[in-house]
Structure formats: structure tokens, C-alpha cells
Amino acid sequence: MRTLIIALLLTATVAKAQQTYFPPVIGNSWETVDPAALGWCTDQLPALNGFLQQSNTKAFIVLKDGRIAIEQYFGTFTQDSLWYWASAGKCLTAFLVGKAQEEGFLDIDEPSSTYLGTGWTSCTPAQEQAITIRNQLTMTTGLNDAGELDCTEPACLTYLAEPGTRWSYHNAPYTLLDGVITGATGQTLNSYLFNKLTLTTGLQGAFVQAGSNNVFFSKARAMARFGLMAMAQGQWNGTPVMADATYFQAMVSPSQTLNEAYGYLWWLNGQGTFMLPGPQFTFNGPLMPNAPLDAYSALGKNGQICNVSPATGLVVIRMGNLPDGLFVPNVYNDEIWQHLNAVICLPTAVDAPHRANGLAIHPNPATDRITVSMAGAIPQRITIWGADGRECLSVQRSGQVDTAPLLPGTYMVEATGADGAVVRSKLVVAR
């Protein structure tokens, strides 16, 4: 009997430790957990912090089951500093659209012109009427993205393809979802956010007009609050923030077949293929090979990142600057996960991916030439992609690649074996 009681107590203790913690809605108190108590490799923390500092990070937070396991600020940036979310703020818009639908203000399958008015594009009336709110959420409006991507004037929004037939990361149609929300609810964007997110989760911040865009600014912990609510599937400490579970699941699931790695303005890991902003090219494999496969992420220019992984209980926040200025920092985010995996003591830690998948690259970092092999064999094809998703160079049936033409930076090496297997790994070019 004594053994049974001890076993039950131990089970209860473990169950309690695994319960998700939510900080109070009001105030700034937040429970922490020692990484060492989680069994993490704390000797790897200096390498993670060094990488973050060298890559111009301002704030970095890791939540484990809601508790703060890592919280670092760099330079003059502090817990109370404000920073912009850039395109990571798209996840807020997606959530607010879903909340407005839940409350009966709109239906995402309605034409966008229902709330934006007719003539919000330069398309014909029939072409414009075919564009729905769902198309705006999924980046499939079919509007021409060859010009100024942020311009929301009707003259900038011209027809290119039938809605739903082409995926393109086009900022302007997304930005106009703000007009859909205000037109449908009768509230300003910030008022609706305050009523539906600040009052329920304590997330404090505001959208600020910057050119054609509305850019969200907040403290790093506010982004962590949003990520925690997203990890809890739209709940906050047992209370629904979004009761429409169907919409929430659709938001963080493949929203169309053109780009499997895109939900409703969220980026999805673990899919078989993905597309990036820019060229109409489909990459094989997951968006971030070293991140948890179930992760869904809000990704913004210059490395504004909110990663959510319900399977691991992790929320990872990064704010700061990046020199490349890319709209979607998936490669950089993958580098963060490599270093974080080393801290969590996972075998897919930094510098391990090429060993794990049989792809060997030497030297790495590279200068003028690299040797590439797959499990000791010469690949049938080697392709090197830039961080912006553009193909930089390719060679056939050779293990040698001349990297002299490449500018210093981070690249992705994709090698195809004789059996058709494709493996990918990071390459750093330095001079």
C-alpha cells in the first residue's frame, strides 16, 4: 500500500509539472523554471547567447510549458523596451479575422469588397468580386505582385491570375485585411485587439501606421503571451479566447495546396514542401529542418520571430535586427533552433544536421570551394540556394562546388542522390 501511495504521489507531481502555466492577465509577474531543472545542457547556453548577440538580437525568450526558461536582452534593450513585429504581426491579424467571424461580423468566404467597398482594386468588377477574405488570409488573391508589394492603392492592385490558383507573398492584400476587420466590426484595429486580446491575455501593444502598413509594436513578453495563447489552441488558463476551434486549427494548418507551409498568415513546419517570398519555386522538405515538426511560426522582416510547438511545450521569441532584411527569416530561425537544440540536449544540435542526414560539407564555413558527399557518395546534383530562396548555382554529378562567386552569407545546400533522395544543410560562406 505504501508503494502504491508513493507511486500515486509521484504521478501527481509529474502531472502537475507538465501543466501549462499562464501568467496573470494584469501585471508583469511570470513564473520561471531553471533550465538545469529541465535536464537541459546549460553548458551550451553561452554558445546560444553568443550566436544571438552576434546576429544583432535584442530580446530572446524561451517558454517551457508557459514558464520562462530563458530570457535574455542585449545591449540597451530591456524587458520594458518596445519593438516592432514586422510581418510576424500577420498572425495577430489572422487571429482577429477569425474572432470577428466567430462573433458573426464576417464570413471569410465572403468577397473582400463586402467590407472594403467596390473598386478597392483595378480589376474588373467580376474579377474583384471573386477575391474573398480567405484569399487574403492565404496569400492567394491572384493580384499582380510584380510592382510595389506594400502599395494598397487600387492602381497598384491589378489582376494576374484567378484567385486561389497562385500563391504569392503579397503584403498589400494582407494589409487590407485591417480594413476588413474595421469595416466588419465597426471598431478600430487597436480597439478590437484591446477588447479581444489585451483584456483576455494581457497582451499590450498597438498597431502604428508606417507607410501603407500597420506595424505592431510591443514588449517581448507581449509576443510571448500571444505565443502561449497560440500554443494552448486559443485558450488562456482554461478560458477560451477563441472558441471557434475549427478556425483556429485551419489557421495553423496548410490552407491551400500551392504552399503547404502556409496557413492563415502563419508559417508551418513539417510539411513536405514549401514556398518563400519571391520566385515561384517549390522547395522540398520542411521549412526549418531543425525546428520541431509541429511548429507554427510568425516570421517577420529582420528576424522578428514567434515559434510555437505544442508537442514540445515550447514558445520561442526573438526580436532584433538582421543585416539581410529578408521578409521571412526561415534560415536564420533554423539556426536558432540548431543552437537551442544543443541547450535542450537534442541530437540535432548545432553543426549536427549534415551528419544526421548523411550530407557532409567541407569546409564549412567555406571560402572558395567545398566538397559535398552523401553518405560518402558523390551526389547526382548539388544546388545552392540563397537565404532569399533564389538559386545561386548548381552542378551535376560532382562533389566539388566553386563557391568563389558567392557573397559572404548563409546558404542552403541541396544534394540529390542516385536514388532520388534529397537532403539539405546550411552552408556559411566567409571571406
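Mentor: Welcome! Let's start with a definition: buried means under 20% relative accessible area, exposed means over 50%, and partly exposed lies in between (1.4 Å probe, protein chains only). This is a predicted model, in which local features need pLDDT of at least 70 and side-chain atom pairs count only at pLDDT 80 or more, whereas totals for chains, interfaces and linings use all residues. Residues are numbered from 1 along each chain as its sequence is written, and side-chain values use heavy atoms, with hydrogens and water left out.

Trainee: Why does Y264 count as buried?

Mentor: Its relative accessibility is 5%, and the cut-off is under 20%, so Y264 is buried. Y247, with a relative accessible area of 3%, is buried as well.

Trainee: What makes C41 and C345 a disulfide?

Mentor: A disulfide is a pair of cysteine sulfur atoms within 2.5 Å. The sulfurs of C41 and C345 are 1.9 Å apart, so the pair meets that definition. As background, a disulfide is a covalent bond between the sulfur atoms of two cysteines.

Trainee: Which parts does the C41 and C345 pair tie together?

Mentor: C41 lies in the loop between α1 (2-18) and α2 (45-54), and C345 in the loop between α12 (330-344) and α13 (353-356), so the link ties together parts that are 304 residues apart in sequence. Helices here are DSSP runs of H or I with at least four residues, strands are runs of E with at least two, and both are numbered from the N terminus.

Trainee: Is C41 buried, partly exposed or exposed?

Mentor: Its relative accessible area is 26%, which falls between 20% and 50%, so C41 is partly exposed. C345, at 32%, is also partly exposed.

Trainee: How many disulfides does a search of the whole structure find?

Mentor: It finds 2. Besides the C41 link, C151 and C156 form a disulfide, with their sulfur atoms 2.1 Å apart. The torsion about that S-S bond is about 70 degrees, so the disulfide is right-handed.

Trainee: Why is C151 called buried or exposed?

Mentor: C151 has 12% relative accessibility, so it counts as buried, whereas C156, at 28%, is partly exposed. With the bonded cysteines numbered in sequence order, the pairing is 1-4, 2-3.

Trainee: How do you know that C91 is in no disulfide?

Mentor: The nearest cysteine sulfur, that of C306, is 5.9 Å away, and a disulfide needs sulfurs within 2.5 Å. C91 is buried, at 1% relative accessibility.

Trainee: Why is the pair of W167 and Y262 called edge-to-face?

Mentor: Rings of Phe, Tyr and Trp (its six-membered ring) pair if their centres lie within 6.5 Å; planes under 30 degrees apart count as stacked, over 60 as edge-to-face and the rest as tilted. W167 and Y262 are 5.3 Å centre to centre with 70 degrees between the planes, and 70 is over 60, so the name is edge-to-face. W167 lies in the loop between α6 (133-138) and α7 (171-175) and Y262 in the loop between α11 (245-251) and β8, so the pair ties together parts 95 residues apart in sequence.

Trainee: What makes the pair of Y247 and Y264 tilted?

Mentor: Their centres are 5.3 Å apart, with 45 degrees between the planes. That angle is neither under 30 nor over 60, so it falls in the rest, called tilted. Y247 sits in helix α11 and Y264 in the loop between α11 and β8, 17 residues apart.

Trainee: Where does K90 lie relative to Y174?

Mentor: K90 lies over the face of the ring, at 4.4 Å from its centre. A charge sits over a ring if NZ of Lys or CZ of Arg is within 6 Å of the ring centre and within 35 degrees of the ring normal.

Trainee: How do you know that strands β12 and β13 pair?

Mentor: Two strands pair if DSSP finds at least two bridges between them. β12 (residues 304-309) and β13 (residues 314-320) have 5 bridges, in the antiparallel sense, so they pair. Both belong to an open, antiparallel sheet of 6 strands in the order β2-β1-β13-β12-β11-β8.

Trainee: What makes β2 and β8 edge strands?

Mentor: β2 (67-73) and β8 (267-268) each pair on one side only.
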